[in-house]
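Visitor: I would like to go through the helix contacts and the aromatic pairs. Could we begin with the helices?

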Amino acid sequence: MDKENTRGSDETAPELKRARGDATTDPERSDSERGGNQHGGPEKTPVAIGVLPVLPLRNSVLFPSMMMPLAASREASVAAIEAAMASEDKTLIVATQLDPAVEEPQQADLFEYATIGVIKKAERSNEGISLIAQGIERVRILKVEMRDGYLQAHFEVVPVCCEKTEAVEALRRNVVELATKIAEHLKGNAPAAVGQILAQVTEPLELAYLLASLMGLSIERDRALLAANTCEEVLKLLVEYLSYELKVRELQMEIASTAQSEMNREQREYLLRRQLEAIRRELGEEGAEQADLEELRQRFEETQLPEEVAAEVEKELQRLERMSPNAAEYQLTRTYVDLLLELPWDKTTDDNLDLHHARAVLDEDHFDLDSIKDRIIEHLAVMKLNPNAKAPILCFVGPPGVGKTSLGKSIAKALGRKFERLALGGLHDEAELRGHRRTYIGAMPGRIIQAIRRAGTKNPVIMLDEIDKLGRDYRGDPAAALMEILDPEQNREFHDNYLDLPFDLSKVFFITTANTLDTIPAPLLDRMEVLQLSGYSSEEKEKIARRYLIPRQLAEAGVSPEQLVISDEALRYVIRGYTREAGVRNLERMLGRIVRKVARRIVEGETGPITITPDDLTDILGPERFTPEKARQHLRPGVAAGLAWTPTGGDVLYVEAVEVGRGGKLTLTGHLGKVMKESARAALSYLISMAPQLGLEKEHLMRASVHIHVPAGAVPKDGPSAGVTMATALASLFAHAPARADTAMTGEITLSGLVLPVGGIKEKVLAAHRAGIRRVILPQANEKDLTELPEEVRQDMEFLFAERIEDALAAAIPEMADRKPPISLV
C-alpha cells in the first residue's frame, strides 16, 4: 500500500500515558524475559510495559514521528482499530508481518519491533476502514494473544539512543548529501520539495526515518532501520541503503541514455516514414511517389539532351525506380535529375543582329561611351557573318557610378538575350563558382550553373560584378576557377563539381566589372578584353541628368515634368557644388532629394509648376559641399598643383614645399608611397645638378633642409606621375617665384631631365576641369590621349606638352621662362 509521511507532533507523552499505566514495570525481569537485544549495540533501558491492540501491516513499516495512510479490511484488524478508537488516546501498535501472505498472523508472524501509532483520522467504508496514523514510540513486542476478536500485544518501549557525537553529525551530512543527489534524478518539482524537507528537519533520527519513508526502500531494510538501537547505527544503515539507491538510479540513467543514443537516425526515419505512409494511405495519396517518377520519366522523354547527359539521366531514373522513397539518397538523386532536366543544354535565344536597333538601344540607355558601343556593334557584325563566332569576354574598368552594370543590361537588351548578374565582391570559396560535390551534405551547383538554370538559355549575358574584389583563403582561389570559366578554349567543357558533366559556356556573353586592374591576377586579366570607362565632365553630367536621371526620379516620386522645372543654372550648381565625382551616382541622389522635397510641397497643396533655382538649393540640399579652390587662386612659392588618378576618378593634389633650415635633409609627409618619395628625391637631385643652368644657387640647394607635404594626409598616395609637380614645387621654392594658380600638371621625370608619359590622362584632365583649372601640362607622349576627352573639354582647356623638366618649369613658373637652359645632347 502507498505511504505518505509528515513530521510528528509533540503529543507523545500524553498519548503514552494510558499504555504505560496499563501495567507496571517489573524490575526483576531479566533481559531474556523481555526479549533481549538481538541487534547488537547499546540499548536504552525499557521505559514501560503495556498492552495495546495490534494492527498488522503486510508490506509497510510505520516509523516513529512519521504519518502513514493505512487501510484495514481483515476482521481482526478492523476490530483492533475500533478498539483503539474507543480508547481515550486512540493508540494501537502498528506491526509488520514477516510473511505478507499470512491472513491471520500470530506472534511468530510479526516482526518483534513495532511502533505505537495514534489514529489521527479514520473513515469506514464497505471495504473496511481507512485511517491516518502517526508513529509515537518504538516498542518491542513481548507477547501477542487474541482477545475480543483482535490481537493484543504486551510490549515495552525501547527508545533509540541518539547522542550528538561527531560521528553522528558526519553520518547525518552524508545522508543529506546522498538524498540530495538521489532527488536530482527525480522529475518535476520533487528535487525542490526534498531539498525543502531536508532543510527543515535537523534531528538525525527523525531525518533518517523521514528519508526511509520517502525513498521507498525494501520492507527488509525498513525493518532493519526500525530495529537499530542507536542513532549512529540507523544512519550507517541508511548511508549504505542510500548509496545503493544512488548507484542504481545513476545506472538507470546511463542505460536510458545509451539506449536513446543507440536509436540512430535511420531508425527514427524508418518510424517517421512508416507513420507518413499510414497518413498517406488515409488521405488516398499512396501513389504519390510513383506519380512523381512517371512525371520525371515523361519530362525526360520530351527533353532533347546530349547523348552523355541522356545516359546519366536514364541511369539516375533507374536508381530512383529501384530506390525506396524512404531512403536517405532519394531526394538527393531526385534533385540532381531535376537539375539535369532543367538546364538548357541546347536551348538558345535568337540574337537580334540588327546593328541600327542595337545602336539605338545603347544610345537610349547610355550617354557617350562610344568606344564600348562600337565594340558591341562590331561583335554583332561578326556574329552576322559567322554565327559560330566565340562570344567576347569584356571587362569594364572605371570608377563607381559611371554605368558599368547598367551597360551590361543594355547589351543584353540590344542582343535580345537574358541577363543574369553575379556579385563577386568578397567571394572567397572556389566552390561558390565550381559547385560542391554531391557527396557533401547540402551540396549545390555553382553560381554559374545556377545563373544559366535561371536564364533558361545557354547563351545569356552574365555579368560578373566587382571581379577586382575577389577574396582568397584555405577553401581555394576563386580567381583560379574564373580562369577556366572565362577562357574560350576551356569553357566549352566546363565541369561543375555538382553537375559532374561537361557544360558548354562558349555561347555565354561574359561581362566583368572592376574599379581597378591592380588587384586582378595577371593570368585572369589576360583572358579578358579591357574597356576603360572614365569619368564624365560637368557638361556630360548635365546632359545625362536631363536625359536619364531627372526623368527617372520624377517617375519614382510620381511627379510630372510639368510640376517641376530645374533650371540649367541650378543643375550646374548641383553638379559643381554638391557632387564632385567621376560618375553620376551622388548626382542622382541629390536630384532625388530635390524631387522628394517638391513632391512634399505638392501634397501639402502648392499648385502650379515649381521652378528650382540656385537660390533654392541651400534650403533643399543644405550648404554646398564642394567649393572651388578659392584659397589657391594665388599660389605662394613652393606650391604646385598636380593631377592624380584614383579608382573613383581623377583628383587635384597640391604639393607644398618649404625650407626648414640647414642640414641638407629632405622630409616627406602626406601618407606618400615609396614610388612617390623616390620622385621627390629625383626632383631635388635634378634641381641640384642643374642649378646653375636654372639660375639657382647650387650651394644653397645642397645645404637647405626641405619639407615636402601633400595635403589630405590620411589618404594613401603613390605613383610616379607626381614627379613633374614635385620638381615644379621645389623650383618655385628655391627661385622664390610662385607657380601659376590656373595650371596643373602630371608626368614622370628622370634624373636626366626627361618627362615620361603616364596613364589616366582622361580622368586627370576631367578632375582639373571640375576644379576650375583650365591649363594643364602633360608629357609630350600623352598628346595622343586627348582624343578620349569630350570635345567641349578640349575646347575649354589649354594643353601644354613637355619633353623635359625645363619645359614644364617654364610653362608653370612664368619667372623661370627666361631661365630655360639650352639642351645639349651627349
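Visitor: Which residues in H21 meet which residues in H23?

Guide: This is a predicted model, in which local features need pLDDT of at least 70, side-chain atom pairs count only at pLDDT 80 or more, and totals for chains, interfaces and linings use all residues. Residues are numbered from 1 along each chain as its sequence is written, and side-chain values use heavy atoms, with hydrogens and water left out. Glu569, Ala570, Tyr573 and Val574 in H21 meet Pro614, Leu617 and Leu621 in H23, where contact means heavy atoms within 4.5 Å.

Visitor: How do the residues of that contact divide into nonpolar, polar and charged?

Guide: Six are nonpolar, none is polar and one is charged. Ala, Val, Leu, Ile, Met, Phe, Trp, Tyr, Cys and Pro count as nonpolar, Asp, Glu, Lys and Arg as charged, and the others, Gly among them, as polar.

Visitor: What about the aromatic pairs: how many are there?

Guide: The count comes to five aromatic pairs. Rings of Phe, Tyr and Trp (its six-membered ring) pair if their centres lie within 6.5 Å; planes under 30 degrees apart count as stacked, over 60 as edge-to-face and the rest as tilted. One of the pairs is phenylalanine 63 with tyrosine 209, stacked at 4.9 Å centre to centre with 20° between the planes.

Visitor: Are phenylalanine 63 and tyrosine 209 buried or exposed?

Guide: Both phenylalanine 63 and tyrosine 209 are buried, meaning under 20% relative accessible area, with exposed over 50% and partly exposed in between (1.4 Å probe, protein chains only).

Technical notes. Helices (H or I, at least four residues) and strands (E, at least two) are DSSP runs, numbered from the N terminus.
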